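Notebook open, model loaded. I want to jot down what I look up as I go.

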Amino acid sequence: MSRDLDITVKHLTRVEGHGNIVVDMKNGVLHKAQLDIVEAPRYFEALLKGRSFHEAAIITSRICGICSLGHQLTSLKATEQALGLAVTEQTVLLRKLLVHGATLQSNILHAYFLAAPDFLKVKSVIPLVGTHPEVVLRALRMKKLANDIGDAVGGRAVHPITCVPGGFTHVPTAATLKDLRRKLVEQMVPDFLATVETVASLAAAIPQFERPTEYISLRSDGDYALYDGDICSTDTGRVPDSEYRRMTNEFVVPHSTSKHCRANRTSYMVGALARWNNNHDRLCPESLQAAAALGLKPGCTNPYMNTIAQVVEAGHCALDAVAIIDKLLDMGPKLETPNQEPTRFGTGIGSTEVPRGILYHEYTYDRQARIVKANCIIPTGQNLANIDDDMKKLVPEVVAVKSKEEITSWLEMLVRAYDPCISCSVHMLDVEFLE
Amino acid sequence: MANKPRVAIFDFTGCEGCELSQLNFEDQLLDILAQVDIVEWREAMDDRADEYDIAFVEGALSTPDCIKRIHDIRRRSKVLVALGSCAVDGGVNAIKNLHPIEEVRAEVYGKDQYLFPTLPALPLSAVVKVDHNVRGCPMTQGEFLRLFTALVMGKQFAEPDQSVCVECKLNENECVFERGMICLGPVTRGGCNSQCTNFGQYCIGCRGLVSEPNLAGMAETLASHGLAMDEAWKRLQLYNAYRLQGVRA
Ligand code: SF4
Ligand code: SF4
Ligand SMILES: [Fe+2]
């Protein structure tokens, strides 16, 4: 089956940040199939150098607007560990509530606005306003409510205001929490069920493609791990997050301003599908029913199913948010002074699951509580090697039976399925500042 | 404008948080879409166009390719709007300008540093003419709506030039200095309705400086509230590193 294939998609649309898809096949031999990352680097390492612990989360939040809450919380966890700042139970609950809001908003945005146009063969969500108005209105309603959680608890959904080292500068009132709870129950849950129906009707358009790889996510004993847990690999099991460097092994490749990662194979996958494969037993019954309806099974090896795993997870976020609000209401929300008196000056690691996968921050502080060393490893960066490996398997499999246009569209859908956050991934930091 | 204005949205070096904030107008989004034709928006759609009545541009300029692209966008646009502090003032990106560029690159990419070209981070206005600013990090949503409406209706838009403190007092907040914190509100340009201090956080200065800021006085005040002088200037530089170049290290 000898064939030439030459595909270049410059500045792939409907992804966050700038990337190009490049495929080069001559006489049936695949020379290149990869995602080039061309986003301009922002050099966050230089931005953090010598900065106070008050500013670490503010600055790293600006690595990425879409993932801003995830960066803030991961950064705060690393800072709190490094400086020995304990936080209260209320702080942890409020942070978990924020994580649910951010995960919901991001998963909904991706499924409806960025991925759905592929399934419906249109170029963006805008034509859907005319053809599927009720679906678009539902998507906006769900996104709005998810953002309302961010507004109520964080002060603002993009780059939240209230999350600081040692706690919160503001706490929502019981009335605000009750209002959120009511909307989650009366509106979000039915909208989630309707979403599952809509997605089920489109599921036939999901490409059939399997490539087993290593799946890495957090895992905890109690809940579906998003805010904390151990690092868990489908190949090697659980290790504490202090082992994160061994589980990521960053390296530079010439075709990407973002570094690549590997653990036990040439590549691994993080994100909703990895969380599903590792933690499906921790999901609520409604999410498990959704998974069954959408054909998502444990041990899934089709990367295109990542979008489905995001939808499934959205139900869990909505329902667990209700459970967290109930706990907060039981305790009675009260303003607490953030704990900002360091008890030590050293190194701390933070890890959380952000919508696109596991995120690590590590900082070392000097005795003035200023940063001397910083490292962030971002989910999309961890997925890049896996995306390249998928392309290298996919292209030879379909080259004989599909047109160039179809192959291009499948490759674009593949990259979008990972929901890559390219602006995030080029801002990995790993540096010992030269004094 | 007789026909619907043709609008395009572009991003340079930034976090795309400002663009995301545009998608977060869930209540107004469909109305906005009805009043304009969005002809190009890479983050949300596949289409591309040649000319624009209004171009909204997010992000700072930090590579040779950025400079080429912004000239091209300027040529095609009747009105060019800088969106967010990265585009208006260079934003947090400009902190890197305070360090020698070679050192910055070596720190991040080590021996591979020459693979990726970079420049100091610049606001759009350092390279092309900018017609309007929407400030903030992320851009202040209310200000965006005010400007958007003015542009669509063909009305004037005046940028606010009072400090955040004015708004904070109107909102009857307890001054965060009274609570042992510091704040950049006195020199920071309002228009955000003192969003951060309303939520008990200090103003980090994301909307840039008022036109005649008393910087020395601000630094003195910060120092008298417990910051070392060099720390005080660092806090001022968080969003003003480009504007304060040469003012004080
Ligand atoms: S101004 Fe702030 S929110 Fe907007 S792109 Fe820059 S860093 Fe992101
Ligand atoms: S209070 Fe200060 S930091 Fe907050 S939005 Fe306004 S200018 Fe920006
Ligand atoms: Fe991101």
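**Helix 9 of chain A**

I started on the far side: in helix 9 of chain A, Pro285(A), Gln289(A), Ala292(A) and Ala293(A) are exposed. A reminder to myself that this is a predicted model.

Next I asked which residues of helix 9 (285-293) of chain A are buried. I got Ser287(A), Ala290(A) and Ala291(A). They span an arc of only 100° around the axis, so they sit on the same side of helix 9 of chain A. That fits the textbook: with 3.6 residues a turn, residues three or four places apart in an α-helix point the same way.

What covers those buried residues? I found that the cover includes helix 7 (174-202), helix 8 (272-279) and helix 10 (306-331) of chain A. I also checked what comes after helix 9 of chain A: Gly295(A) follows, with a positive phi near 75°.

**The four-stranded sheet in chain A**

I traced an open sheet of four strands in chain A, in the order 8-7-6-9 and with mixed pairing. Strand 8 (237-239) and strand 9 (268-269) of chain A are the edges, each pairing on one side only.

How do strand 6 and strand 9 of chain A run? They are parallel, and two bridges join them. I noted that Glu214(A) is the residue opposite Tyr268(A) of strand 9 of chain A.

Helix 8 of chain A turned up again here, packed on the sheet and touching strand 6, strand 7 (230-233) and strand 9 of chain A. I read about 75° between the direction of helix 8 and that of strand 6 of chain A.

**Two charged residues in chain A**

Arg275(A) is in that helix 8 of chain A. Buried or exposed? With a relative accessible area of 0%, Arg275(A) is buried. I listed what Arg275(A) touches, skipping residues up to four places away in sequence: among them are Ser217(A), Tyr224(A), His280(A), Glu313(A) and Glu353(A). I also took one distance: Arg275(A) and Gln310(A) are 35 residues apart in sequence, and their C-alpha atoms lie 9.6 Å apart.

Then I went to Lys143(A), which lies in helix 6 (133-154) of chain A. Its relative accessibility is 0%, so Lys143(A) counts as buried. Which residues is Lys143(A) in contact with, beyond its neighbours within four places in sequence? From chain A I have Gln105(A), Ile108(A), Leu109(A) and Phe113(A); from chain B, Leu23(B), Asn24(B) and Glu26(B).

**Chain B and its two domains**

For chain B I tallied ten helices and five strands. Of its 249 residues, 60% count as buried. I looked at contacts in chain B between residues at least 6 apart in sequence, and 70% of them join residues at least 24 apart.

The domain assignment splits chain B into domain 1 (6-153) and domain 2 (164-240). How many residues are in contact between them? Twelve residues of domain 1 of chain B meet ten of domain 2 of chain B. I get about 930 Å² of area buried between the two domains of chain B, with 51% of that from carbon and sulfur atoms.

Last entry: which residues of domain 1 of chain B lose the most area to domain 2 of chain B? They are Arg135(B), Cys137(B) and Thr140(B), together giving 42% of what that side buries.

Notes
Residues numbered from 1 in each chain as written. Chains lettered and ligands numbered in written order. Predicted model: local features only at pLDDT ≥ 70, side-chain atom pairs only at ≥ 80, totals over all residues. Heavy atoms only, no water. Buried < 20%, exposed > 50% of the residue type's maximum accessible area, 1.4 Å probe, protein only. Arc of directions from axis to C-beta. Contact = heavy atoms within 4.5 Å. Pairing = 2+ DSSP bridges. Axes fitted to C-alpha atoms, helices over the stretch in contact; angles between N-to-C directions. Domains from an automatic or database assignment. Buried area = accessible area lost by both parts, 1.4 Å probe.
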